[in-house]
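Please look over the sequence and the model shown here before reading the report.

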Amino acid sequence: MNTQEIIELEKQYIMQTYKRADFVLERGEGVWLYDTVGRQYLDAGSGIAVNALGHHSEVISQAIKGAAEGLLHTANLYYTVPQTLLARDLCQSCFADKVFFSNSGTEANEGAFKFARKWAKAQGNPTKTGLVAFSGSFHGRTMGALALTSTLKYRTPFEPLIGDTTFGEFNNLDSAKAVINDHTCGVIVEPVQGEGGVTPSSPEFLAGLRELCHRHNALLIFDEIQCGMGRTGTLWAHQDYSVTPDIMTSAKSLGGGLPIGAILVTEAVAQTLQAGEHGSTFAGGPFVCTVAHAVLNHIQRPEFLAEVQAKGAYLAEKLQNLISRTSSIASIRGKGLMWGLVCHIPAAEVMAAAPQHGLLVLVAGEKIVRLLPPLIITEAEIDLLVERLFNTLLWLEGQR
Ligand SMILES: *Cc1c(COP(=O)(O)O)cnc(C)c1O
């Protein structure tokens, strides 16, 4: 079947909730993706922060081969080795004492919100049910997570969403003070906002939230689904801040391409959930946990994270130079290998034009082009990324 036939079949048989690029991807190697007619693209989106080790990774292929010899699924009625070892290593990598596994990011956040509600009830506070999020937040698409996601375009068609949710202004502590009170059971924030515009939290903001949560006896929840797993140059984004949460959610890169999410909690939170109060059929299966374990152990090596930092600094410098070479970029912001280009032109135009120049990029809102290359990208590939981005912008400028 040729490209056009595949596209027509997709339009006939798949719900049209995704706006797709007009080529069909077939295989990948490292940062490179190839379509069915053999065109090559540098993947600066990593399948939206998922393919941290790139495509066709040797580390992941080896783990999959091993996992394929073992159990695929058992149900969470039984103990398995891979789930237990992954949980141990996740806890040892950060503040957390215990883990609950999920199958996706939005499910991890759903669990976090349920845990916050249950935790407050267990304190003898049955009416302490308020959940707080911030402008620019993205926490997922299920009814609960959507209620804490700020983007109106995602929310409005599905209202009413779950109640007792409030939004403060991101990176504005006065605004946070106005919405966090004794009624609040949980406050969720991305240490570096992804979808909302690639905006790092200020250190004062995160420290202030920690203090407000202490004062009002609320749980602080960090959503590290996009910014975690080495993306910003530390294993967890918050480890570059002097603040730890009570709950952290992870997904995306955690499985290296397979679906898995995790809710990492302190012992105090874990103690408030009893057997049977939360669960999942698929989550934490031995196959996916074996692969996630290999991904985690590869990424958390200090030499790997040091390289992410060095390559991130290199990319930032190249992007900074791009500002003076084109008239489309106003500024850049980000951390590690997570960057946003604040553009004078619609970001969607850049995303749509980039494939013709052999590059795949993402957007984060109307004016921000988002770059999340695989963490294994080399300096030479960063040069190609920036050159292709430059060519895309130049071409767009020529169209005006
Ligand atoms: C992608 C994302 C989610 C949702 O994850 P899914 O796996 O798509 O459900 C939640 N929070 C953040 C910060 C994300 O980037």
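The report below takes up two sheets, the helices that pack on them, and the surroundings of the ligand.

## The seven-stranded sheet

In this predicted model, 7 strands form an open sheet whose order is β4-β12-β11-β10-β7-β5-β6, with mixed pairing. The edges are held by β4 (98–102) and β6 (165–168), and because each of these has a single partner strand, one side of each is left without a neighbour in the sheet. From one strand to the next, the twist averages 20°.

Within this sheet, β11 (residues 247–250) and β12 (residues 261–265) run antiparallel and are joined by 4 bridges; Thr249, for instance, has Ile263 in β12 as its bridge partner.

## Helices on this sheet

Helix α4, which covers residues 81–92, lies across β4 and β12 and runs at about 125° to β4. Helix α5 (residues 105–122) also packs on the sheet, where it touches β4, β5 (130–134), β7 (184–189), β10 (219–223), β11 and β12, and its direction makes about 155° with that of β7.

## The ligand and its shell

The residues around the ligand are Ser104, Gly105, Thr106, Asn109, Phe138, His139, Gly140, Glu190, Asp223, Ile225, Gln226 and Lys252. By class, this shell has 2 nonpolar, 7 polar and 3 charged residues, and the element that gives the most to it is α5, with 3 residues.

Several polar contacts can be described atom by atom. A polar backbone atom of Phe138 is 3.1 Å from a nitrogen atom of the ligand, while a polar side-chain atom of Asp223 lies 2.7 Å from a nitrogen atom of the ligand. On the oxygen side, a polar side-chain atom of Lys252 lies 2.6 Å from an oxygen atom of the ligand. Of the 380 Å² of accessible area that the ligand has on its own, the protein covers 83%.

## The four-stranded sheet

A further open sheet, of 4 strands, has the order β13-β14-β17-β16 and antiparallel pairing. Here β13 (329–335) and β16 (362–363) stand at the edges, and since each has a single partner strand, one side of each is left without a neighbour in the sheet.

The strands β13 and β14 (residues 338–343) run antiparallel and are joined by 6 bridges, and the bridge partner of Gly334 in β14 is Trp339. Helix α12 (residues 302–325) packs on this sheet, touching β13, β14 and β17 (368–371), with a direction that makes about 170° with that of β13.

Terms used. Residues are numbered from 1 along each chain as its sequence is written. This is a predicted model: local features need pLDDT of at least 70, side-chain atom pairs count only at pLDDT 80 or more; totals for chains, interfaces and linings use all residues. Side-chain values use heavy atoms; hydrogens and water are left out. Two strands pair if DSSP finds at least two bridges between them. Helices (H or I, at least four residues) and strands (E, at least two) are DSSP runs, numbered from the N terminus. Axes are lines fitted to C-alpha atoms, for helices over the stretch in contact, and angles run from 0 to 180 degrees between N-to-C directions. Contact means heavy atoms within 4.5 Å. A residue is near a molecule or strand if one of its heavy atoms lies within 4 Å of it. A polar contact is a pair of N or O atoms within 3.5 Å; within protein, one must be able to donate a hydrogen and the other to accept it, and residues adjacent in sequence count only if both atoms are side-chain atoms. Accessible areas come from the Shrake-Rupley method with a 1.4 Å probe; for residues, only the protein chains shown count as cover. Ala, Val, Leu, Ile, Met, Phe, Trp, Tyr, Cys and Pro count as nonpolar, Asp, Glu, Lys and Arg as charged, and the others, Gly among them, as polar.
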